[in-house]
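Trainee: I would like to go through this model step by step. Where should we begin?

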Amino acid sequence: MNWQSLLSLIIVRLKQVIGLYAFVLVPMWVLFFVNNIFLFGLWNIFGIAPRTFDLRSIVGVFASWTMHGDITHIIGNSLTLLQILFLFGLFENNAYRTILKLIIASGVMTWLIGSESSIHIGASGLCFAMLGFMIGGAVFARRWGYLLACIVMGAGFWFTIKQGLMPQQGISFAAHFGGLCAGLLLGANSKHHYSSVAKFSSNIR
């Protein structure tokens, strides 16, 4: 791969990063403002209610990542997502599909292991699922890009994981732990298709 091919690939991946920001962060913020201004917080009642089969909880499995309690909650999750989505955009060929899988997997895990009579909202489960995916991919699937990302940003990631897995009042341990486990499983079974990169390089020569 010559420098022109490498530059073109970097541009493509940076465009994917911008697309991922729009794909994840825009719905979060739009629904946050809609919920607080027009719905008076009612959107949050559709959070994940563990081991219940009503429509509310089913919606939560797929959409709880768009629900946040206050501005501090959504800003904290957004700052974490800005970092992780950047890495996903750089290293993941099927980034959009992978994120959708992680949303569903983390939602299902939260639904399975969460405590009864609780409602789980927020994108922190997705954040931990994405962290788990990178760690699982680096350790078990030999995804060298994610290994580099884990090394470069390891201190911050490990601090985030350590803090998130400590039971705290008002913090969803089930979403954090469930998301991390779901991400590890999916990451461990992921494989990077370098052939597509090679094909891309040959096509632009």
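**Helix α3 and its surroundings**

Mentor: This is a predicted model. We start with α3, whose 21 residues should span 30 Å at 1.5 Å a residue; the C-alpha atoms at its ends are 30 Å apart, which agrees.

Trainee: Which residue caps the N-terminal end of α3?

Mentor: Look for a side-chain oxygen that lies 3.2 Å from the backbone nitrogen of Thr72. The residue that supplies this oxygen is Asp70.

Trainee: Which residues of α3 are buried?

Mentor: Buried means under 20% relative accessible area. The residues of α3 that meet this are Ile74, Asn77, Ser78, Leu81, Ile84, Leu85, Leu87, Phe88 and Gly89.

Trainee: Which element gives the most to the lining of the largest pocket?

Mentor: That pocket has a volume of about 510 Å³. Its lining has 20 residues, and the closest to the centre are His73, Asn77, Ser124, Ile171 and His176. Two or more lining residues come from each of α3 (71-91), α5 (124-140) and α7 (154-164). With 5 residues, the element that gives the most is α3.

Trainee: How many residues of that lining are nonpolar, polar and charged?

Mentor: Sort the lining residues of the largest pocket by class. The result is 5 nonpolar, 14 polar and 1 charged.

Trainee: Which element gives the most to the largest nonpolar core?

Mentor: In general, nonpolar side chains in soluble globular proteins tend to be buried together. Here the largest nonpolar core has 33 residues, of which Leu81, Phe88, Met130 and Met134 touch the most other members. At least two residues of this core come from each of α1, α3, α4, α5, α6 (144-152) and α7. With 10 residues, the element that gives the most to this core is α5.

Trainee: Is Phe40 buried or exposed?

Mentor: Phe40 lies in the loop between α1 (3-37) and α2 (55-63). Its phi is near 55 degrees, a positive value in a residue other than glycine. The cut-off for exposed is over 50% relative accessible area. Phe40 has 71% relative accessibility, so it counts as exposed.

Trainee: What is the phi of Ser117?

Mentor: Most residues other than glycine have a negative phi. Ser117 is in the loop between α4 (95-113) and α5, and it is exposed, with a relative accessible area of 85%. Ser117 is not a glycine, yet its phi is positive, at about 60 degrees.

Terms used:
Residues numbered from 1 in each chain as written. Predicted model: local features only at pLDDT ≥ 70, side-chain atom pairs only at ≥ 80, totals over all residues. Heavy atoms only, no water. 1 Å grid on protein atoms, 1.4 Å probe; cavity = no way out; pocket = protein on both sides within 12 Å on 5 of 7 lines; lining within 4 Å. Points joined across faces, edges and corners; volume = space filled by probe spheres on them. Helix = DSSP H or I, 4+ residues; strand = E, 2+ residues; numbered from the N terminus. Nonpolar A, V, L, I, M, F, W, Y, C, P; charged D, E, K, R; others polar. Expected span 1.5 Å × (residues − 1). Buried < 20%, exposed > 50% of the residue type's maximum accessible area, 1.4 Å probe, protein only. Polar contact = N/O pair within 3.5 Å; in protein donor to acceptor, adjacent residues only side chain to side chain. Core = buried A, V, L, I, M, F, W, Y, C linked by side-chain atoms within 4.5 Å.
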